[in-house]
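Work through the exercises below with the model open. Try each task before you read its solution.

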Amino acid sequence: TLGADCLVLVVGGLPGSSKDIAAARQMVTDGTAAMLPHARASGVKLAIEPLHPMYAADRACVNTLEQALDLCDALGEGVGVAIDTYHVWWDPDLARQMLRAKGRIAGFHVCDWKVPTVDTVFDRGMPGEGVIDIPAIRAMAEAAGWTGGVEVEILSNRWWAEDPEAVMQ
């Protein structure tokens, strides 16, 4: 209906009072598998977005690109990944996993990790404002075949308080 190429999945964390992250990850696999026939029939790729491990309990129990790609392998055609520099920059296996993602990157998001980070959700920096080597990660994405756009995803109380026209400049 929307004409979207993909649906980015922020998969959720631990349900209720559970402490079983393996079971939560199995729920993600099962839930994604259940959605996949409809997505395939609609021509919409499901893009799993791994989120930084600090979000494992409440936002996303898929925390590395390797985990997301393992899901892609298990579920097959119609499942890809969304790469967000804020969430993957720290991963010591990032370069290898980005090559593994060849042909499966369905979205690319950029923002920067500020030091110190005051709010783990709403203190993202503009590209160049923090410690992430965004050009290097973008080069990895392009080496893996990514030719799509770059979504600048600035979740930031600071930037949201500014005049939108000034922020765009």
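**Exercise 1. The sheet**

Task: Give the strand order of the open sheet, and name its edge strands.

Solution. The order is β1-β2-β3-β4-β5, an open sheet of five strands with parallel pairing. Strands here are DSSP runs (E, at least two residues), helices are runs of H or I with at least four residues, and both are numbered from the N terminus. Two strands pair if DSSP finds at least two bridges between them. β1 (6–9) and β5 (151–152) are the edge strands, each pairing on one side only. In general, strands of a sheet pair through backbone hydrogen bonds, either parallel or antiparallel.

This is a predicted model: local features need pLDDT of at least 70, side-chain atom pairs count only at pLDDT 80 or more, and totals for chains, interfaces and linings use all residues. Residues are numbered from 1 along each chain as its sequence is written, and side-chain values use heavy atoms, with hydrogens and water left out.

**Exercise 2. Bridges**

Task: How many bridges join β2 and β3, β3 and β4, and β4 and β5?

Solution. Go pair by pair.

- β2 and β3 pair in the parallel sense over three bridges. Alanine 47 has glycine 80 in β3 as its bridge partner.
- β3 and β4 are parallel, with four bridges. Aspartate 84 has histidine 109 in β4 as its bridge partner.
- β4 and β5 are parallel, with two bridges. Valine 110 has valine 152 in β5 as its bridge partner.

**Exercise 3. Burial of the strands**

Task: Are the residues of β3 and β4 buried or exposed?

Solution. Set the cut-offs. Buried means under 20% relative accessible area, exposed over 50%, and partly exposed in between (1.4 Å probe, protein chains only). Take β3: six of its six residues are buried. Val79, Val81 and Ile83 are on one side, and Gly80, Ala82 and Asp84 are on the other. Both faces are covered. Now take β4. Six of its six residues are buried, so β4 is largely enclosed by the rest of the structure.

Zoom in on glycine 107, in strand β4. Its relative accessible area is 9%, so glycine 107 is buried. Leaving out residues up to four places away in sequence, glycine 107 touches Val81, Ala82, Ile83 and Trp146. Contact means heavy atoms within 4.5 Å. Glycine 107 and valine 8 are 99 residues apart in sequence, but 7.9 Å apart in space, C-alpha to C-alpha.

**Exercise 4. Helices and core**

Task: Which strands do α1 and α2 meet, and which helix or strand gives the most to the largest nonpolar core?

Solution. α2 lies across β2 and β3, at about 165° to β3. Axes are lines fitted to C-alpha atoms, for helices over the stretch in contact, and angles run from 0 to 180 degrees between N-to-C directions.

Next, the core. A nonpolar core is a set of buried Ala, Val, Leu, Ile, Met, Phe, Trp, Tyr and Cys residues joined through side-chain atoms within 4.5 Å. The largest has 41 residues, and Ile48, Leu65, Val81, Ile83, Met98, Ile105 and Phe108 have the most contacts inside it. α2 gives the most to this core, with six residues. Phenylalanine 108 touches, among others, Ile83, Ile137, Ala141 and Trp146.Last, α1. Recall that the edge strands are β1 and β5. α1 packs on the sheet and touches β1, β2 and β3, its direction making about 150° with that of β2.

**Exercise 5. Aromatic rings**

Task: How many aromatic pairs does a search of the whole structure find?

Solution. The search finds three. Tryptophan 89 and tryptophan 113 form a tilted pair, 5.8 Å centre to centre with 50° between the planes. Rings of Phe, Tyr and Trp (its six-membered ring) pair if their centres lie within 6.5 Å; planes under 30 degrees apart count as stacked, over 60 as edge-to-face and the rest as tilted. Tryptophan 89 is partly exposed at 30% relative accessible area, while tryptophan 113 is buried at 14%. Tyr86, Trp89 and Trp113 form one aromatic cluster.

**Exercise 6. A peptide bond**

Task: Which residues does the cis peptide bond join?

Solution. Valine 115 and proline 116, with omega about -5°. Proline 116 is in the loop between β4 and α5.
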